[in-house]
Amino acid sequence: RCHKDRSGYDGPWVDNPIKFSNEYFEELFENEWEEKEIKETGKVQFKDKGDELMMLPADLVMIKDAEFEKWSKIYYKDKHRFMKDFGVAYKKLTELGCKNLVHVNGGQNSNE
């Protein structure tokens, strides 16, 4: 969920954000997205017809760019494939970690 007072964007991506699923990909493909500007922040995001869910411009790249769309369709059609691939990637991340991360402290970059 985006919070207007923190990111300038507002609303949830999915109906059930605490359940691990491929709902994000379902929402991307099954909804029509309309561009809307948030008056208070001037940020542009996309809302579904019911004005309940939102996507950011970067999210729509997942269905507009041919290479991203290929994988998004795979995960949209096959939730088990999404969960399997996610599990493999997450396992790598937790076992191997990340190198060269920059920590941010109070808006100042810090390498501590």
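**Figure 1. D51 and K47 meet beside a turn.** D51 is partly exposed, with a relative accessible area of 42%. Its salt-bridge partner is K47, and the nitrogen-to-oxygen distance between the two side chains is 4.0 Å. K47, by contrast, is buried, at a relative accessible area of 11%; the cut-off for buried is under 20%. Keep in mind that this is a predicted model. D51 belongs to the turn of the hairpin made by β2 and β3, where five residues separate the strands, and D51 has a positive phi of about 60°. Side chains of opposite charge can pair when their charged atoms come close.

**Figure 2. Strand β2 pairs with β1 and with β3.** Start with β2, which covers residues 44-48. Four of its five residues are buried, so the rest of the structure largely encloses this strand. Strand β1 (residues 33-37) runs antiparallel to β2, and five bridges join them. Look for K36, which stands opposite Q45 of β2. Six residues lie between β1 and β2 in their hairpin, and G42 in that turn has a positive phi of about 80°. Now follow β2 to strand β3 (residues 54-55): these two are also antiparallel, joined by two bridges. Here K47 stands opposite M54 of β3.

**Figure 3. Two helices carry salt bridges between their own residues.** How many salt bridges does the structure hold? There are nine. In helix α3 (residues 66-77), K70 and E67 are three residues apart, about one turn of the helix. The closest N and O atoms of K70 and E67 are 3.6 Å apart, and the two residues form a salt bridge. Both are partly exposed: K70 has a relative accessibility of 42%, and E67 has 47%. Helix α4 (residues 79-96) offers another example, with K91 and E95 four residues apart, again about one turn. Their side chains meet in a salt bridge with an N to O distance of 3.1 Å. K91 is partly exposed at 48% relative accessibility, while E95 counts as exposed at 54%. Elsewhere, E32, E34 and K49 are joined into one network by salt bridges that share partners.

**Figure 4. Ten residues build the largest nonpolar core.** Which residues make up this core? They are F25, L28, W33, F46, L53, M55, L60, I63, Y75 and F82. Helices α1 (23-30) and α2 (57-64) each supply at least two residues of the core. Take a closer look at M55: beyond its neighbours within four places in sequence, its contacts include W13, L28, W33, F46 and L60. Also in contact with M55 are Y24, E27 and Q45, once those sequence neighbours are set aside.

**Figure 5. Aromatic rings gather into a cluster.** The whole structure has 10 aromatic pairs. In one of them, Y24 and F25 sit edge-to-face, with ring centres 5.3 Å apart and 80° between the planes. F25 is buried, with a relative accessible area of 7%. What about the rings of F86 and Y90? Their planes are at 10° and their centres 5.9 Å apart, so this pair is stacked. F86 and Y90 are four residues apart in helix α4, so about one helical turn separates them. Both are partly exposed, F86 with a relative accessible area of 38% and Y90 with 47% relative accessibility. Ring pairs link these four residues with F20, W71, Y75 and F82 into a cluster.

Note on methods:
Residues are numbered from 1 along each chain as its sequence is written. This is a predicted model: local features need pLDDT of at least 70, side-chain atom pairs count only at pLDDT 80 or more; totals for chains, interfaces and linings use all residues. Side-chain values use heavy atoms; hydrogens and water are left out. Buried means under 20% relative accessible area, exposed over 50%, partly exposed in between (1.4 Å probe, protein chains only). Two strands pair if DSSP finds at least two bridges between them. A nonpolar core is a set of buried Ala, Val, Leu, Ile, Met, Phe, Trp, Tyr and Cys residues joined through side-chain atoms within 4.5 Å. Contact means heavy atoms within 4.5 Å. Rings of Phe, Tyr and Trp (its six-membered ring) pair if their centres lie within 6.5 Å; planes under 30 degrees apart count as stacked, over 60 as edge-to-face and the rest as tilted.
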